[in-house]
Amino acid sequence: MNPVELVKRQKAYFRSGATKSVEFRMKQLELLKEVITKHEQDFVDAIYKDFRKPEFETYATEIGIIHDEINYALKNLENWTKKQRVSGSLVNFPSKNYTVAEPYGSVLIIAPWNYPVQLALLPVVGAVAAGNTVVIKPSELTPNTSSAIAGIMSTYFQDKFIAVAEGGVEVNQKLLEQEFDYIFFTGSTRVGKIVMKAAAEHLTPVTLELGGKSPCIVDKSANLEISARRIAWGKFLNAGQTCVAPDYILVQEHSKDDLLKHLKSAIRDFYGEDPGESPDYPRIVNEDHFNRLMSYLKEGSVFYGGQSDKKERYISPTILTDIEPNAAVMEEEIFGPILPVLTFKEIEEAIDIINKKPKPLAFYVFTEDDKNESLLMESCSFGGGAVNDVVAHLGNPNLPFGGIGNSGMGAYHGKTSFDTFSHTKSIMKKTSWLDIPFRYAPYEGKLKWIKKILK
Ligand code: NAD
């Protein structure tokens with residue numbers, strides 16, 4: 001549909017007030033849950049066709065997370081939408097004061113390809129819970145999933161309420177020219193800047209969920225066997241195509257050999273001797289990304305893995321050591337199954353390496369040393385993270401998820417999703433039975449009193 005028409009229709013529907021009642025929002029969230037359950041297999045099949053993601057991962061990292069977010073919203077929505085009383089102030093005595101969450105209007109949600117169902121539909125939960133209409137733009141790089149989302153959603157939701165606009169960059173550019181009331185973007189830092197520029201034209205507020213190089217620090221006190229298993233799981237999940245995957249490891253020199261040994265056996269345990277044969281290991285999304293990733297292999301020594309098959313877009317879980325100084329693999333977000341392992345002597349050296357790079361989306365520390373943990377947590381700025389684990393912090397709806405600086409702005413998940421898609425209206429209510437004349441002119445004799453009150 002023509003984006004101008006689409007936004008016009010959504011705005012008219014929003015103005016009609018249809019999306020605002022709590023009953024409507026609950027009903028739509030329940031419907032969304034039903035639709036996702038009914039079409040679970042369609043989503044699983046579509047993602048499998050796009051990059052051979054195993055069903056377990058699709059359920060655990062896409063479908064299941066959306067169910068969780070819907071359940072959480074259904075449980076709490078009545079509370080979130082209530083007027084929130086706040087205390088009054090002396091200068092406005094007597095008055096009642098409250099805030100109320102109001103929907104923005106028509107929201108544009110732009111999704112990337114790497115978790116193509118979750119990242120298109122999870123923000124929809126927050127947007128609908130908050131009472132908005134939604135246009136979803138899935139990624140063109142996962143065409144089977146994009147068309148499944150479009151087909152399924154248009155069967156159950158009218159496009160004046162939730163519409164799916166399929167297509168590539170040109171479609172997105174056309175959408176970005178429209179005056180949406182909120183834009184929620186997940187994708188690269190490069191395109192995030194384009195989105196923010198377009199939003200500035202209409203002064204549309206944005207959330208930018210971007211990427212970056214998320215470091216993983218392992219000090220000499222860490223339990224290396226458990227650390228290696230958790231790191232290998234989070235890194236090679238989705239074949240490394242995860243925004244919060246540990247991008248590179250900084251291990252304290254003394255522990256390097258043991259950590260490498262444990263990483264190797266974790267990869268073997270998970271995917272067998274030949275991960276190419278494993279039903280649990282996905283493929284790279286397209287040839288461009290395959291070629292980009294292959295070019296990193298020349299920038300160090302392959303300690304483990306390094307097998308590939310261009311036809312299948314397969315790259316095995318790979319550990320790189322002896323990274324060349326200024327290598328691209330340490331400058332760009334890797335976003336694939338290649339794990340550089342670098343060493344540091346003292347913790348301050350690791351902090352220095354991390355703080356010379358843009359602020360990451362995620363930050364992981366493996367340590368049993370409380371002092372090191374505090375030092376790292378306090379010295380580095382990042383979106384969110386974990387101690388002695390990776391990636392799994394996303395599974396807690398009580399933890400807002402978002403980046404900082406180059407890795408994004410704003411956050412969502414749980415109550416934060418509702419807040420993100422709501423404007424907080426502040427209201428003061430006065431009575432008319434009392435009108436203290438203090439604020440009115442003439443001001444003679446009043447200055448000393450205002451100075452006493454407001455000091
Ligand atoms: P991308 O930025 O290339 O694309 C994202 C969306 O923007 C797509 O829908 C695409 O059609 C559109 N787009 C692409 N180029 C455009 C242009 N020139 N003008 C307007 N629109 C354009 O990102 P991607 O490759 O799909 O996803 C990978 C990136 O997303 C990685 O950097 C990753 O870290 C990041 N990511 C972040 C999160 C998060 O939650 N913070 C989650 C997943 C992925």
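This passage goes through the ligand site, the pockets and cavities, and a few backbone oddities of a predicted model.

Some bookkeeping comes before the results. Because the model is predicted, local features need a pLDDT of at least 70 and side-chain atom pairs count only at pLDDT 80 or more, while totals for chains, interfaces and linings use all residues. Residues are numbered from 1 along each chain as its sequence is written, and side-chain values use heavy atoms, with hydrogens and water left out.

The ligand comes first. Around the ligand sit 26 residues, with Glu140, Asn172, Ser188, Leu210 and Glu333 coming nearest; a residue counts as near if one of its heavy atoms lies within 4 Å of the molecule. Sorted by class, this shell holds 15 nonpolar, seven polar and four charged residues. The classes are simple: Ala, Val, Leu, Ile, Met, Phe, Trp, Tyr, Cys and Pro are nonpolar, Asp, Glu, Lys and Arg are charged, and the others, Gly among them, are polar. As for secondary structure, α7 (169–177), β6 (182–186) and α8 (189–201) each put at least two residues into the shell around the ligand. Elements here are DSSP runs numbered from the N terminus, with helices (H or I) of at least four residues and strands (E) of at least two.

Several polar contacts (pairs of N or O atoms within 3.5 Å; within protein, one must be able to donate a hydrogen and the other to accept it, and residues adjacent in sequence count only if both atoms are side-chain atoms) turn up at the ligand. Asn172 has a polar side-chain atom 2.7 Å from a ligand nitrogen, and Trp113 has one 2.9 Å from a ligand oxygen. Glu209 joins in through its backbone, with an N or O atom 3.4 Å from a nitrogen of the ligand. Taken alone, the ligand has 850 Å² of accessible area, and the protein covers 92% of that. These areas come from the Shrake-Rupley method with a 1.4 Å probe, and for residues only the protein chains shown count as cover.

Next, the empty space. Rolling a probe the size of a water molecule over the atoms shows where such space is left. The search uses a 1 Å grid over the protein atoms alone: a cavity is a set of points where a 1.4 Å probe fits but cannot get out, a pocket is an open set with protein on both sides within 12 Å along at least five of seven lines, and lining residues have an atom within 4 Å of a point. Grid points are joined across faces, edges and corners, and a volume is the space filled by probe spheres set on the points.

The largest pocket holds about 1,200 Å³ of space. Its lining runs to 45 residues, and Gly187, Ser188, Thr189, Arg190 and Val191 lie nearest the centre. Two or more lining residues come from each of α7, β6, α8 and α11 (287–296), with α8 giving the most, five. The lining splits into 19 nonpolar, 14 polar and 12 charged residues. This largest pocket is also the space taken by the ligand, going by the rule that more than half of a molecule's atoms must lie within 2 Å of the grid points.

The second largest pocket has about 500 Å³ of space. Of its 28 lining residues, Thr61, Tyr115, Trp233, Leu237 and Val391 are closest to the centre. Helix α4 (55–81) gives the most to this lining, five residues, and α5 (118–129) and α10 (256–271) each supply at least two. By class, the lining has 19 nonpolar, six polar and three charged residues.

Two cavities of 30 Å³ or more show up in the whole structure. The largest has about 60 Å³ of space, and its lining includes Lys235, Asp247 and Glu333. The second largest has about 40 Å³, with Glu69, Trp80 and Phe418 among its lining residues. Helices α4, α5 and α14 (415–420) each give two or more residues to that lining.

Finally, the backbone. Most residues other than glycine have a negative phi, and most peptide bonds are trans. The bond from Phe93 to Pro94 is cis, with omega near -5 degrees, and Pro94 lies in the loop between β1 (84–86) and β2 (95–103). Ala441 and Pro442 are also joined by a cis bond, with omega about 0 degrees. Asn238, not a glycine, has a positive phi of about 60 degrees and sits in the loop between α9 (224–236) and β9 (248–252).
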